[in-house]
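Colleague: Got a minute to walk me through this model? I'd like the sheets and a few odd residues.

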Amino acid sequence: MDATPRTTPRKSATFDDYSLSEIRRAAESGIYDIRGAGAKRKVPHFDDLLFLGASMSRYPLEGYREKCATDLWLGTRFARKPIHIKIPITIAGMSFGSLSAQAKEALGRGASIMGTSTTTGDGGMTEEERGHSEILVYQLLPSRYGMNPDDLRRADAIEIVVGQGAKPGGGGMLLGQKITERVAEMRTLPVGIDQRSACRHPDWTGPDDLEIKIEELREITDWEKPIYIKVGASRPYYDTALAVKSGADVIVLDGMQGGTAATQEVFIEHVGLPILGAIRPAVQALQDLDMHRKVQLIVSGGIRNGADVAKALALGADAVSIGSAALAALGDNDPHWEHEYAKLGTTAGAYDDWHEGRDPAGISTQDPELGARLHPEVTGRRLANYLSVMTLEAQTIARACGKSHVRNLEPEDLVALTVEAAAMAKVPLAGTDWIPGSKSSW
Amino acid sequence: MCGIVGLFLKDPALEPELGRLTAGMLATMSDRGPDSAGFAVYAAGQPGQTKLTVRSTSPLAAEELSVAVEAAFSGVQTVLHDTHVVISIPDQEIEALIKWLEREVPEAEIVGRGTRMEIFKEVGLPSSVAQRFGLATMSGTHAIGHTRMATESAVTTDGAHPYSTGTDQCLVHNGSLSNHNNLRRELKREGLHFETENDTEVAAGYLTWRMREGLSLGDALKVGLDDLDGFYTFVVGTENGFGVLRDGIACKPAVMAETDQYVAFGSEYRVLATLPGIEHARVWEPEPATVYFWER
Amino acid sequence: MPEVDLGVTPLRELNAALHRLTPETNERHWVIDHPAGRHAIAAGLNVPVTIEINGPVGYYCAGMNKYATVLINGSAGVGVAENMMSGFVHVTGDASQSAGATGRGGLLRIDGNASSRCGISMKGIDIVVKGSVGHMSAFMAQAGNLVVFGDAGDSLGDSIYEARLFVRGSVKSLGADCVEKEMRDEHKRAIHQVLTQAGFDGEVDPSEFKRYGSARRLYHFHVDHAEEY
């Protein structure tokens, strides 16, 4: 007998391989999936935007000979000592604890070569980082691990963390395998336990009380330091307005592609906005308050190359911040370690179980042997090279658009490839003059 | 996010000072709320008369409205305060007046109604708002006030507190509700109207609705603890006193002071620092999820 | 002995002057008048001097204090002695929310009542409260001693780590993973030591206190405790 004809086996788009494996994992463990990195699924991003280069009505600048400046001042609103960075790219807050000491040192070295800043994270300031970073931003987080007035005074700026893009509304997370003796001592925690974290600050809630907290920090540091407020992209128009009203010098806005050392997968993928949708509302809020450029805006979340930098600036940001990209420059997820990724059940480019602390590249680990694989001088140099390339790329684009300073890039230099990107960035669909939803309130 | 002040006088001798003391408290709260300000004063009323506070679009429009009302209704008295008009009218004519206003001056808004309550609110710094309305010269038995830092809705007068929840009742709020959009939709189905996207307007509407369904204000606040989600400190004004409620987590600040002469409320102690006899007052913070009331 | 009237001198000037003091200074005792509830008074001190403040203070008085002795003759607003590193802060009146928040060392003494979240996230500070403390006190408290003569409100020690809580009066309710623990001689000695440092001289008997601390069930995530996170 002939067999009955069969259709081609078809997998479900809804119950795809990943979803089914996650259901099995949940059934086995009874605990949510925790991982590092930012949102991995495809969302509208800078790739959906294009620049309009010089043509009949716009004239380019000669590369190398005709200057295209890249520097900027941060903290000019209230700080007695605003900081000057040479490139519009900073290194985002990442904790010692989530990262190895070697990684923190490498970040400091690379940033200092290029004349830009690094930022501490949820564990506090280490001597290595202060020693190797010429410009260091010190975070004030809900946990207050390691917080002390001496570090506040030797920081170059202070960043109050309301939230971050990977988990707007979530607190820090560090699991027992990374709470080594040194980390435990800095955080006043028992060695080897899973750190539970607060998601709200212990002594203020809301912008009205944040205003008073900022006043205290300024008084303690004699009004010297620029004060940043960092928020995860959520309600960017209102969040920016409130940050201004609370008295911030700088606002840091982190989109959902922004990485974390560890949090719940559902938080990363399903809470927050892509950075592309957050920049225009934030800039609009600044403009409505007549604070654009007076309160600086730094954006982050998926910045990868000079084109991303230029596009963020064109939309109105003053600078960008990189986290995941900086780690990649140091060697994170490098195929060089493929045989080790395979042993961990993953592959280069997919490795995100940073909370387990077994990073073959020696970056997101507290294991001394693994950490020793990362050579801070060499990798610091790599970071500097990468920052340099991003800056040159941004300058190339800016020159092609006729700009002598990258900050002169503007939204009218951009068009979008998709309707979503056009609506989110409020620039026309390429080849048309149509901006979807252009009658909305901002 | 905001600053709240409240003053309830036990001592009649202080009644002429009510406005001056409240204006001082309000000015201190400028830092917490620079966008707009408002206050409710419970002044003397007349038996058989109802007062309507109407907000016009400009001082000129208020003047014109005042003239028009006096022409249309006999036995009516109007008092002009910048953009606001307080219209005093015999009880039996109040509905006719309201209909007349809706028809003739639709752009004007009725912000308060009651025997004794008058409500004033505008965009601007608290001290200039207080000055525009002459708060410092007002007298009465109790007052509540509010300074606003707009969070999720626009900075317009529509967003300013106090919101009236009924006759001689009003509400001010410091905090941020998290389920007000759903609640607004439900309350609209119950027949309530909303002018803004503001969360406080929803809280006021919720209390109005609960009382319409038969609950006392105190009980409405109690069940509100379950129905209203988010962080809030509420101060409500009633004909004879005022009430205070903080949500169960109680992160938003609240300080109270009591002497033989008054009970006062402030978002920060600074607000109370200029009150007479404050050095010997009993100062405390209201407990979370507990309804407090002071009445004559 | 410098005397500063905050009704006349701007706060910024006072704090700047205090920050310029060196450990060898002769100006060892300052008196501050008319604080009128201002915020951040004497925040960020880092020399062993004494600051006496006559009147009620606002938020974050003596914030991040190091080495100094701060006497507040009045009540204190939110976050008094927040993140204190060392030294002594004494409030004769009441303290508002988050007293001693995230404090890492030193001693905070409150003669009146402390409001909610007293000792929240404390990291080594010792706190003595003669009155009662409000709800969520010692929330996520990591290290240090909280000694309360009066009562404690709801959810005492919620999500507590290794801090030790001693309450003489009643506890309205205990927070997640906080349990009553045995009082042994070492704990009575610890109470006695903290009280002596705070200026008490035998008025209070350490054996009248009950001890509360972490059950340590939340130190490693387990699905059966999922509701307590």
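Modeller: Sure, we can go through the sheets and then some single residues.

Modeller: First, this is a predicted model, where local features need pLDDT of at least 70 and side-chain atom pairs count only at pLDDT 80 or more, while totals for chains, interfaces and linings use all residues. Residues are numbered from 1 along each chain as its sequence is written, chains are lettered from A and ligands numbered from 1 in the order in which they are written, and side-chain values use heavy atoms, with hydrogens and water left out.

Colleague: OK, chain B. What order do the strands take in the four-strand sheet?

Modeller: The order is 4-5-3-6 in an open sheet, with antiparallel pairing. Helices (H or I, at least four residues) and strands (E, at least two) are DSSP runs, numbered from the N terminus, and two strands pair if DSSP finds at least two bridges between them.

Colleague: And which strands of chain B stand at its edges?

Modeller: Strand 4 (77–81) and strand 6 (109–114) of chain B; each has a single partner strand, so one side of each lacks a neighbour in the sheet. Neighbouring strands there are turned by 20° against each other on average, direction ignored. Axes are lines fitted to C-alpha atoms, for helices over the stretch in contact, and angles run from 0 to 180 degrees between N-to-C directions.

Colleague: How many bridges join strand 3 and strand 5 of chain B?

Modeller: Seven, between residues 49–55 and residues 84–90, running antiparallel. For instance, B:Gln49 has B:Pro90 as its bridge partner in strand 5 of chain B.

Colleague: Which strands does helix 2 of chain B touch?

Modeller: Helix 2 (residues 59–72) of chain B packs on the sheet and touches strand 3, strand 4 and strand 5 of that chain, with its direction at about 175° to that of strand 4. Contact means heavy atoms within 4.5 Å. Helix 3 (residues 94–104) of chain B lies across strand 3, strand 5 and strand 6, at about 15° to strand 3.

Colleague: What about the five-strand sheet in chain B, which order is that?

Modeller: That open sheet runs 9-10-11-12-16, with antiparallel pairing. Its edges are strand 9 (163–166) and strand 16 (292–295) of chain B, each with a single partner strand. Four bridges join strand 12 (residues 241–246) to strand 16 of chain B, and B:Val244 has B:Tyr292 as its bridge partner.

Colleague: Where is there a positive phi in the hairpin of strand 9 and strand 10 of chain B?

Modeller: At B:Asp168, near 60°, in a hairpin with two residues between the strands. B:Gly166 is bridged to B:Gln169 in strand 10 of chain B.

Colleague: Switching to chain A. Is A:Asp71 buried, exposed or partly exposed?

Modeller: A:Asp71 counts as partly exposed because its relative accessibility is 28%. Buried means under 20% relative accessible area, exposed over 50%, and partly exposed in between (1.4 Å probe, protein chains only). A:Asp71 sits in the loop between strand 2 (49–51) and strand 3 (72–74) of chain A.

Colleague: What does A:Asp71 contact, beyond neighbours within four places in sequence?

Modeller: A:His84, A:Ile85, A:Lys86 and A:His405.

Colleague: Last one: how many residues of helix 7 of chain A are buried?

Modeller: Nine of its 11 residues, so to speak of helix 7 (residues 236–246) of chain A as mostly covered is fair. Buried ones include A:Tyr237, A:Leu242 and A:Lys245. Among the elements covering them are helix 6 (207–220) and helix 9 (275–288) of chain A. Just after helix 7 of chain A, A:Gly247 takes a positive phi of about 105°.
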